[in-house]
Amino acid sequence: MTGFRCGTIAIAGRPNTGKSTLLNRLVGERLSIVSPKAQTTRHLVTGILHTDDCQFVFIDSPGLQSRHRDVLHRTLNRRASDAVRNADVVAFVVEAARYGAEDRAVLERIPSGRKVVAVVNKMDRVKRAADLIPFIERLSREREFAAIVPVSARSGKNLPELLKVLRDALPEAPAMYPPEQLTDRDERFFAAELLREKLFQMLGEELPYRCEVIVDSFREEGKLRRIEATILVERESQKGIVVGSKGAQLKRMAEAARKDMEQLFGGKVYLGVWVKVRRGWTDDERVLRGLGYG
């Protein structure tokens with residue numbers, strides 16, 4: 001198709017700039033899990049948007065950060081760096097009227113020859129649009145951007161303008177995926193992610209970073225999906241917190257995850273969840289490789 005464009009767009013930025021919310025809004029589905037806590041995203045999540053003249057292949061990656069220093073978080077930082085190095089275009093997401101050392105550190109990891117579109121998110125939190133002008137001027141001095149686009153991922157404001165800019169930055173190429181394909185991940189992956197999202201949303205500040213979700217089995221029985229999952233923690237005391245008094249906390253998280261799965265999968269779900277202790281899993285390279293963090 002003459003003039004058709006297609007390419008990969010890495011969504012990069014420090015934690016909590018709204019990268020996952022942006023991906024979900026752009027593709028129209030909740031593919032990336034969201035929470036107020038930093039580095040909720042651990043895996044590269046591909047979201048595909050197909051239009052008449054372009055296929056956008058968005059890649060949501062972990063937020064680059066230095067807060068945690070174990071093997072897990074070093075692996076996540078490496079994943080994020082690889083994503084921006086290999087993409088055709090980088091959507092560098094910053095928070096409106098807030099730019100600091102963490103943002104600059106992310107920008108420095110993007111190769112100098114890569115096309116970068118600066119996405120100024122959360123513009124709805126700025127009282128007057130005119131207040132964004134000096135911020136955008138300061139940002140423009142940080143690097144030669146292909147464009148700087150203020151948006152609100154939460155409300156969808158200015159996202160059509162962002163898509164136009166991103167399309168212009170992509171190469172002319174045939175589509176990489178069939179028009180109906182939304183992601184390269186399967187339902188088993190999203191089942192684990194939706195349960196892990198509840199850990200971030202319902203547990204304390206630090207504990208979710210010491211938890212992982214493993215889907216032990218995923219079977220379709222007619223219209224029912226029967227899912228068995230394990231939540232890994234590092235210590236017995238953490239297990240007690242996740243389970244809660246008489247199992248109430250675990251039941252609450254599993255029920256919320258099950259409802260989200262039914263909405264995403266479009267059918268009934270049985271979800272069985274257990275909690276197991278695997279000491280030091282976040283700092284054990286062998287265990288992490290087995291969990292898909294190679």
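The second largest pocket holds about 310 Å³ of space, in a model that is predicted. Pockets here are open sets of points on a 1 Å grid over the protein atoms alone, where a 1.4 Å probe fits and protein lies on both sides within 12 Å along at least five of seven lines; lining residues have an atom within 4 Å of a point. Volume is the space filled by probe spheres set on the points. Of the 16 lining residues, H43, F189, A192, V213 and L291 sit closest to the centre of this second pocket. Helix α6 (187-202) and strand β7 (212-221) each chip in at least two, with α6 giving the most, five residues. The lining splits into six nonpolar, three polar and seven charged residues.

The largest pocket comes in at about 410 Å³. Its lining counts 26 residues, and N16, G18, T21, V34 and S35 are the closest to the centre. Helix α1 (residues 19-27) is the top contributor, with three. By class, that lining has six nonpolar, 13 polar and seven charged residues.

Now for helix α5 (residues 159-169). Buried there (under 20% relative accessible area, 1.4 Å probe, protein chains only) are L159, L162, L163, L166, R167 and A169. These residues lie on the same side of α5 because they cover an arc of only 160° around the axis. The face turned away from that buried side carries P160 and K164, both exposed (over 50%).

Residue numbers start from 1 along each chain as its sequence is written. Local features need pLDDT of at least 70, while totals for linings use all residues.

Note on methods. Predicted model: local features only at pLDDT ≥ 70, side-chain atom pairs only at ≥ 80, totals over all residues. Heavy atoms only, no water. Helix = DSSP H or I, 4+ residues; strand = E, 2+ residues; numbered from the N terminus. Nonpolar A, V, L, I, M, F, W, Y, C, P; charged D, E, K, R; others polar. Arc of directions from axis to C-beta.
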